[in-house]
Amino acid sequence: MPKSPQSHLDPRQPLVVDTTKLPRQPGATRALKRVAPAPADLGLELISVPEGSDLELDLSLTSVSEGVYVSGTVRGSLKGECGRCLNEIDESFEVSLGEMFAYEDSTTEETTDEDEVGRMQGDLIDLEPVVRDAVVLTLPTNPLCRPDCPGLCPDCGVHFDDLPAEHSHEEVDPRWAALRNLPKNEE
């Protein structure tokens, strides 16, 4: 997980969580249910979560000796286009999260690489990088409107579902193509 930027976190941001009400004793747990607007550019070229659409967070924050372990699910909607036929895709998703956030000045800083574990800023946790990683890594690079999508005819560009079963294009060997231009001999 990439390290959060070192700018100060704003607790009013929808994906920033304040843990002041979570006791810093291992095993203490607090549920977090929240609906937050999706950040910009949450997705891939052909499919993504629309900016500002609802992300439903159903998380559990658990105190551990070195920080806070965040686990749970994120749900939302996806929009995009099929990689075969270019039809619109509109579906929902649910992904699981599980990420450790270390307290400031914990021994985790000495025992792990800086991008290996998320870091808290005071009592604040920035969930955006974790949500972004979880969502984007589960998206297909070539999304399909349905698993058996036949795509488009490569010759005429019409969706195969809209064409008759016997649809075909006459393929002429290019070496013989010039003969088509000869006048027909009527006998």
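Which residue takes a positive phi in the hairpin of β6 and β7? In this predicted model, the residue in question is Leu86, whose phi lies near 70 degrees, and the hairpin that holds Leu86 has 6 residues between the strands.

The setting of this hairpin can be described from the chain as a whole. The secondary structure consists of 2 helices and 9 strands, and these elements follow one another along the sequence in the pattern β-β-β-β-β-β-β-α-β-β-α. Of the 187 residues in the chain, 34% are buried, while the accessible surface comes to about 11700 Å², with 47% of that area belonging to carbon and sulfur atoms. Among the contacts with a separation of 6 or more, 58% are made by residues that stand 24 or more positions apart in the sequence.

The two strands of the hairpin are β6, which covers residues 67-81, and β7, which covers residues 88-102, and they pair in the antiparallel sense over 15 bridges. Within this pairing, Lys79 has Asp90 of β7 as its bridge partner. In a regular strand, the side chains alternate between the two faces of the sheet.

Strand β7 is also joined to strand β8, formed by residues 118-119, through 2 bridges, and here the two strands run parallel. One of the residues involved is Phe101, whose bridge partner in β8 is Gly118. Strand β7 thus takes part in an antiparallel pairing with β6 and in a parallel pairing with β8.

Notes: Residues are numbered from 1 along each chain as its sequence is written. This is a predicted model: local features need pLDDT of at least 70, side-chain atom pairs count only at pLDDT 80 or more; totals for chains, interfaces and linings use all residues. Side-chain values use heavy atoms; hydrogens and water are left out. Helices (H or I, at least four residues) and strands (E, at least two) are DSSP runs, numbered from the N terminus. Buried means under 20% relative accessible area, exposed over 50%, partly exposed in between (1.4 Å probe, protein chains only). Contact means heavy atoms within 4.5 Å. Accessible areas come from the Shrake-Rupley method with a 1.4 Å probe; for residues, only the protein chains shown count as cover. Two strands pair if DSSP finds at least two bridges between them.
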